[in-house]
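Hi everyone, thanks for making time this morning. Let me put the sequence and the structure up on the screen, and then we can walk through them together.

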Amino acid sequence: MSATAAPLLDVRAVSIHFGALRAVDAVSLRLAAGERVAILGPNGAGKTTLFNAITGTIRATRGQVLFEGADITRAPPNARAHRGIARTFQITNLFFGLSVEENLLLALRGLLRSRFAVWRDGRALGAEHEVVDSALERCHLHTKRHLLVRELSYGEQRQLELAMSLTSSPRLLLLDEPAAGLSPAERVVMAQVIRGLQGSVALVLIEHDIDLALGMVDRVVCMAQGAVLVEGKPDEIRGNEKVQEIYLGRRRRA
Ligand SMILES: Nc1ncnc2c1ncn2[C@@H]1O[C@H](COP(=O)(O)OP(=O)(O)OP(=O)(O)O)[C@@H](O)[C@H]1O
C-alpha cells in the first residue's frame, strides 16, 4: 500500500462486546486493493465476530470501519454490498432445480434490479452474459453452465457459491471457511480458484486449515482472545513460535 493511498478497507480499533465478554478487543486491520488476508486463530478467538463487523451483520461497539475512505461503521449489510463488499452465498441459497447459469443470472438480476429497468435491452443482456461468463471461468465452472445445480458435486456447489458472489463485481470479498467440508481433491480446486482471483478482488478469509490458508493469501492476521496476536506474511507466520503454540500446537495435540 503506498503511504498516500487510502486503504480499501480500514478497520480502526474495533471492539465488539457481548455483555461483559470482549469478543473483539480494539482490532485494527487495513487492506489495500486486491490484497488477500487470512484471519486465523483458535475457536472463540473472535474471527467470525470481526468478519461480521466488516459485512455489517454485527455493529462495532467501539471503533470504526471505513471502506474506500467512507465510514460504514453503522451501514447495514445491503448498503455495504452496494459499495462493493460481498460475502459468499450459502449453498442453502442455491436453486437446485435450475442450471448453474440460471442461478448466476438470478444472483446478478437480484443485484441489478435497481440498476436496470425491468425490461432489458440487448446491451444489458450482453453485459449480463459477460459477467456470468467471467464468473464461470474464474470459478472453473465454464463446462458446467447448463447442468442443474443438483447434478454438481458438493465441491462444485461451493465453487458456484463463490461465482454468485462475484456477479456483483465486488472489490472486497469475504470468505468464511471456503474449504470446510470439502474432500482433499475438492480443496485443491478451491485453493486454485481462490488463488486465481489474485489482483481482481481483495479477500478476507477465515480458514481453519492453516496450510491451505497460508497458500492462498498475501498476509495473515492471527487472533487469540479477541485481539491480534501476530500479523505477517505466510512465511513469517509458519515460523512464528506464538502461532505454533496457540494454533499449530493445539492442532498437534488434537
Ligand atoms: N451473538 C453472540 N452473543 C454472545 N457471545 C457471542 C456471540 N457471538 C460470538 N460470541 C462469543 O464471542 C467469542 C468469539 O466468537 P467467534 O465466533 O467470533 O470466534 P471464532 O474465532 O470465529 O471461533 P470459531 O473458530 O469457533 O468459529 C466466543 O467466546 C463466542 O462464544
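Let's start with a question: in which sense do strand β1 and β2 pair, and over how many bridges? Strand β1 (residues 9-18) and β2 pair in the antiparallel sense, over seven bridges. Before I go on, please keep in mind that this is a predicted model, where local features need pLDDT of at least 70, side-chain atom pairs count only at pLDDT 80 or more, and totals for chains, interfaces and linings use all residues. Residues are numbered from 1 along each chain as its sequence is written. When I say helix or strand, I mean DSSP runs, helices being H or I with at least four residues and strands E with at least two, numbered from the N terminus. Strands count as paired if DSSP finds at least two bridges between them.

Back to that first pair: F18 has L21 as its bridge partner in β2. The two strands belong to an open sheet of four strands, ordered β2-β1-β4-β5, with antiparallel pairing. At its edges sit β2 and β5 (70-71), each pairing on one side only.

Now to the ligand. F18 and L21 turn up again here, because a residue counts as near a molecule if its C-beta atom, placed from the backbone, lies within 6 Å of it, and the residues surrounding the ligand include F18, L21, N43, K47 and T49. The elements giving two or more residues to this shell are β2 (21-31) and α1. The largest share, three residues, comes from α1. By type, the shell has four nonpolar, six polar and one charged residue; Ala, Val, Leu, Ile, Met, Phe, Trp, Tyr, Cys and Pro count as nonpolar, Asp, Glu, Lys and Arg as charged, and the others, Gly among them, as polar.

Let's stay with helix α1 (residues 47-55) for a moment. Its buried residues are K47, T49, L50, F51, A53 and I54. Buried means 20 or more other C-beta atoms within 10 Å of the residue's own, exposed means 12 or fewer, and partly exposed is in between, with C-beta atoms placed from the backbone. After α1 comes G56, with a positive phi near 100°.

I54 also leads us to the largest nonpolar core, which has 66 residues; I54 is among those with the most contacts inside it, as are A38, I39, A163, V204 and L205. Such a core is a set of buried Ala, Val, Leu, Ile, Met, Phe, Trp, Tyr and Cys residues joined through C-beta atoms within 7 Å.

What about the parallel strands? Three bridges join strand β6 (residues 85-87) to β7, and these two run parallel. I85 has L172 as its bridge partner in β7. On to β8 (residues 202-206): β7 pairs with this strand in the parallel sense over five bridges, and L172 stands opposite A202. Why is β7 (residues 172-176) largely enclosed by the rest of the structure? Four of its five residues are buried, so the strand is largely enclosed.

Last stop: L152, in the loop between α4 (122-138) and α5 (154-166). L152 is partly exposed, with 18 other C-beta atoms within 10 Å. Its C-alpha atom is separated by 9.3 Å from that of F96, 56 residues apart along the chain.

That's my tour, so over to you for discussion!
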